[in-house]
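Please open the model in your viewer and keep the sequence panel beside it. The stops below take you from one selection to the next.

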Amino acid sequence: MNKAKLIKKGLEKTGRQVTLEDAGWSSVPFYAVIKQKWKSYKSDFEFNETEIGRVSADYCIYIGPYDHDITALSDNAVLCVDGRKYMFKKKETEKLGGETVYYSGIVRRIWEAEDDQS
């Protein structure tokens, strides 16, 4: 079994079920790892001013399988996880020996009107 398929099997065991949406199209459900990312001094993430100081927006690291190419999605594409929607701020292809083994990125939560946090 090649490395890309081994990583995909690992994502199925440790990841969460997600879907991608882009311009009326929706992917079949698959598994990816979504992990909260807190603002660090080396990150170029946006922040908001609040009454108690600066807070970072809800950013997460995305790691997804080789067979769901996030780099081919438009800038308006959405990642759906547990009823929440995220937009991609950064998308990368991770390769080993010229073979795509997984995709990674940074996603930011989209706050919709009914649960808007601002």
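Is Ala 72 buried or exposed? Select Ala 72 to find out: with a relative accessible area of 61%, Ala 72 is exposed, because the cut-off for that label is over 50%. Bear in mind as you look that the model is predicted. Ala 72 sits in the loop between β6 (59-65) and β7 (78-81). If you add Lys 91 to the selection, you can follow a pair that stands 19 residues apart along the chain, with C-alpha atoms separated by 9.3 Å.

**The whole chain**

Now clear the selection and colour the protein by secondary structure, which comes to 1 helix and 9 strands. Following the chain along its sequence, you pass the helix and then the strands, in the pattern α-β-β-β-β-β-β-β-β-β. Of the 118 residues in the protein, 31% are buried, and if you switch to a surface view, you are looking at about 7,800 Å² of exposed area, 49% of it supplied by carbon and sulfur atoms. Among the contacts between residues at least 6 apart in sequence, 53% join residues at least 24 apart.

**The nonpolar core**

Next, select Tyr 62, Leu 79 and Phe 88, the residues with the most contacts inside the largest nonpolar core, which has 16 residues. To see where this core comes from, show β1 (16-22), β3 (30-37), β6, β7, β8 (84-96) and β9 (99-110), each of which supplies at least two of its residues. The largest share, 3 residues, is contributed by β3.

Stay with Phe 88 for a moment and display what surrounds it. Apart from neighbours within four places in sequence, Phe 88 is in contact with Leu 20, Tyr 62, Ile 70, Leu 73, Ala 77, Leu 79, Ile 106 and Val 107.

**A histidine in a loop**

Move on to His 68, which is found in the loop between β6 and β7. In contrast to the exposed Ala 72, His 68 is buried, with a relative accessible area of 13%. Which residues does His 68 contact, leaving aside its neighbours within four places in sequence? Select Leu 20, Ser 27, Val 28, Phe 30 and Tyr 103, and you have the list. Leu 20 is also one of the residues in contact with Phe 88.

**Salt bridges**

How many salt bridges does the structure hold? There are 3 salt bridges to visit, and the tour begins with Lys 8 and Asp 67, whose side chains meet at 2.4 Å, N to O. Lys 8 lies in helix α1 (residues 3-14) and Asp 67 in the loop between β6 and β7, so this pair ties together parts that are 59 residues apart in sequence. Lys 8 is partly exposed at 22% relative accessibility, and Asp 67 is partly exposed too, with a relative accessible area of 35%.

Then select Arg 16 and Asp 82, where the side chains form a salt bridge at 2.8 Å, N to O. Here Arg 16 belongs to strand β1 and Asp 82 to the loop between β7 and β8, so the pair ties together parts that are 66 residues apart in sequence. Arg 16 counts as partly exposed, with a relative accessible area of 31%, whereas Asp 82 is exposed at 57% relative accessibility.

The remaining stop of this kind is Lys 90 with Glu 92, whose side chains meet in a salt bridge at 3.4 Å, N to O. Lys 90 is partly exposed, with a relative accessible area of 44%, and Glu 92 is partly exposed as well, at 32% relative accessibility.

**Two loop residues with positive phi**

Return to Asp 82 and look at its backbone: phi is near 50°, a positive value in a residue other than glycine. Then select Ala 23, which likewise has a positive phi, of about 50°, although it is not a glycine. Ala 23 is found in the loop between β1 and β2 (25-26), and with a relative accessible area of 82% Ala 23 is exposed.

**The cysteines**

For the last stop, select Cys 60 and Cys 80. Cys 60 is buried, with a relative accessible area of 5%, and Cys 80 is also buried, at 13% relative accessibility. A search of the whole structure for disulfides finds 0.

Terms used:
Residues numbered from 1 in each chain as written. Predicted model: local features only at pLDDT ≥ 70, side-chain atom pairs only at ≥ 80, totals over all residues. Heavy atoms only, no water. Helix = DSSP H or I, 4+ residues; strand = E, 2+ residues; numbered from the N terminus. Buried < 20%, exposed > 50% of the residue type's maximum accessible area, 1.4 Å probe, protein only. Contact = heavy atoms within 4.5 Å. Areas by Shrake-Rupley, 256 points an atom, 1.4 Å probe, with all protein chains shown as cover. Disulfide = S-S within 2.5 Å. Core = buried A, V, L, I, M, F, W, Y, C linked by side-chain atoms within 4.5 Å. Salt bridge = Lys/Arg side-chain N within 4 Å of Asp/Glu carboxyl O.
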